[in-house]
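Please open the model in your viewer and keep the selection panel at hand. The tour below proceeds from one selection to the next and says what is found at each stop.

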Amino acid sequence: MDLPMNRRLLRARPSGIRRFTALARATPGCISLALGEPEFPTPEAVKAEAKAALDQDRTHYPPNNGEPFLLEALARFGERRYGLTYAPEEIIVTAGATEAIYIALTGVLNPGDQVIIPTPAFPLYQEVAGLAGGVCRFLDTSRDGFQITPGRLAPLLNQRTRAIVLNSPANPTGCAYSAASLAAVGEAAAGRPIFILWDGVYRQLAYEDCPGPGEFRELRPQLILADSFSKPYAMTGWRAGWLMADAPVKAQLQKLHQYTVVSASSLVQTACVRALEEDLAPVVEGYRRRRDYACRRLGEMGLPFRRPEGGFYLFPFIGGFGMGSEEFCLRLIREGGLGLVPGACFGCEGFARLSYCCREETLREGLDRLEAFLKGLPEGPQAIPRSLR
């Protein structure tokens with residue numbers, strides 16, 4: 001007997017990133033540059049705080065939205081890093097940025113409402129919007145250097161538009177939105193009932209100053225910020241993040257938080273305060289060094305790409321070999337012993353995502369394998385996007 005289930009859930013797709021990561025792990029001798037998992041451990045001082053919290057029996061329910069000391073620390077951090085002022089009462093400590101994005105989209109979308117997602121994009125946005133009954137409108141940025149232009153944004157806007165999702169620096173491209181891109185979004189949202197959901201999980205890993213959510217200061221009531229401790233502090237397994245929103249919006253979103261996870265773990269919250277004090281300059285410099293090496297190698301292989309401005313991903317164009325991105329990545333695993341993620345998983349065919357947050361020797365070996373694999377392929381018809389030429 002087939003038992004009925006939620007139709008939206010049945011339509012949701014499992015993560016393609018996880019699928020290709022698992023396939024690489026299951027293939028003997030294969031190495032993976034697929035998952036965005038920092039290779040270094042959580043800083044010792046952060047771990048010490050969590051150990052102390054356990055010794056102090058911080059094992060009971062914390063306040064739903066987070067401990068006051070962490071909310072105050074995040075408010076100071078937001079003013080320093082975003083140039084935006086949020087009171088502790090306008091912040092929710094979440095189970096990673098994933099929960100923050102989930103409650104944000106679920107909280108603002110009614111069935112049939114539309115959300116604009118610039119692609120290539122992290123697949124979470126599309127799947128969560130679908131679970132909320134939303135309709136996704138995709139804005140292809142691959143022809144514009146992964147930037148947003150008014151001419152491509154305007155036709156997607158209508159009376160059902162309720163949210164625009166921004167991720168900068170972005171997964172999977174590593175590109176940061178320019179001031180012009182953010183101005184286009186601001187002009188589209190101004191005076192309309194449209195939320196701007198800013199996913200800033202890679203902002204602390206930017207290699208140079210880039211425009212941020214502070215560009216939307218005048219639209220603060222419409223802005224929702226999602227961020228995370230996972231990537232900058234190598235705390236992916238801690239599942240700690242946060243959401244910031246104008247007080248009336250936050251008051252509604254906290255209901256979803258209470259009825260899904262209740263609260264973030266009590267053990268991690270003092271450790272999160274300590275993490276915000278960490279000097280990330282050595283981390284960023286390490287990723288910059290890996291980026292520069294990977295960019296040089298891809299250039300020598302003749303693969304077009306946009307130079308990342310933050311994060312730890314490269315998104316080279318691999319559409320010149322007469323096959324789709326999924327076939328390319330499947331063959332690369334089976335024949336080349338290297339795992340990447342197809343661009344199709346991010347809504348952008350003809351590309352593949354390469355993660356360089358691994359050990360440098362792993363990155364060298366992975367790029368050696370990619371080069372050897374490419375040398376065995378016949379070149380197909382060249383259709384390099386104009387913005388990458």
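A helix is here a DSSP run of H or I of at least four residues, and helices are numbered from the N terminus. With that in mind, select Arg 297, which belongs to helix α11, residues 281-301. Please note that the model is a predicted one.

**Stop 1: Arg 297**

Is Arg 297 buried or exposed? Buried means under 20% relative accessible area. Arg 297 counts as buried because its relative accessible area is 7%. Now display its surroundings: apart from residues up to four places away in sequence, Arg 297 touches Arg 364, Leu 367, Asp 368 and Glu 371.

**Stop 2: helices α12 and α13**

Next select residues 325-336, helix α12, together with residues 360-375, helix α13. Their axes approach to within 10 Å and cross at roughly 105°. α12 is therefore roughly perpendicular to α13. Which residues meet where α12 and α13 are in contact? From α12 come Phe 328, Arg 331, Leu 332, Glu 335 and Gly 336, and from α13 come Arg 369, Leu 370, Phe 373 and Leu 374. Sorted by character, the residues of this contact are five nonpolar, one polar and three charged.

**Stop 3: strand β12 and its partners**

Move to residues 352-355, which form strand β12. Both of its faces are covered: Ala 352 and Leu 354 are buried on one side, and Arg 353 and Ser 355 are buried on the other. Add strand β9, residues 313-314, which pairs with β12 in the antiparallel sense over two bridges. Here Tyr 313 is opposite Ser 355 of β12. Then add strand β11, residues 341-342, which is also antiparallel to β12 and joined to it by two bridges. In this pair Pro 342 faces Ala 352 of β12.

**Stop 4: the seven-stranded sheet**

Now turn to an open sheet of seven strands with mixed pairing, in the order β2-β8-β7-β6-β5-β3-β4. β2 (91-94) and β4 (135-140) are at the edges and have a single partner strand each, so one side of each lacks a neighbour in the sheet. On average, neighbouring strands of this sheet are turned by 20° against each other, direction ignored. Within the sheet, select β3 (residues 114-119) and β5 (residues 161-167), which run parallel and are joined by three bridges. Ile 116 has Ile 164 in β5 as its bridge partner. Finally, show helix α9, residues 247-260, which lies across β2, β6 (195-199), β7 (223-228) and β8 (241-245) and runs at about 25° to β2.

**Stop 5: the nonpolar cores**

In soluble globular proteins, nonpolar side chains tend to be buried together. The largest nonpolar core of this model has 91 residues, and Leu 166, Phe 229, Phe 328 and Leu 370 touch the most other members. Select Phe 229: beyond its neighbours within four places in sequence, its contacts include Leu 70, Leu 74, Met 235, Trp 242 and Leu 276. A second, separate core holds 26 residues, among them Val 128, Ala 132, Cys 136 and Ile 224.

**Stop 6: Ser 230**

End with Ser 230, in the loop between β7 and β8. Ser 230 counts as buried because its relative accessibility is 5%. Which residues does Ser 230 contact, leaving aside its neighbours within four places in sequence? They are Pro 38, Met 235, Thr 236, Arg 239 and Ala 240. Pro 38 is 192 residues from Ser 230 in sequence, while their C-alpha atoms are 8.8 Å apart in space.

Technical notes:
Residues are numbered from 1 along each chain as its sequence is written. This is a predicted model: local features need pLDDT of at least 70, side-chain atom pairs count only at pLDDT 80 or more; totals for chains, interfaces and linings use all residues. Side-chain values use heavy atoms; hydrogens and water are left out. Axes are lines fitted to C-alpha atoms, for helices over the stretch in contact, and angles run from 0 to 180 degrees between N-to-C directions. Angles under 35 degrees count as roughly parallel, over 145 as roughly antiparallel, 65 to 115 as roughly perpendicular and the rest as oblique. Contact means heavy atoms within 4.5 Å. Ala, Val, Leu, Ile, Met, Phe, Trp, Tyr, Cys and Pro count as nonpolar, Asp, Glu, Lys and Arg as charged, and the others, Gly among them, as polar. Buried means under 20% relative accessible area, exposed over 50%, partly exposed in between (1.4 Å probe, protein chains only). Two strands pair if DSSP finds at least two bridges between them. A nonpolar core is a set of buried Ala, Val, Leu, Ile, Met, Phe, Trp, Tyr and Cys residues joined through side-chain atoms within 4.5 Å.
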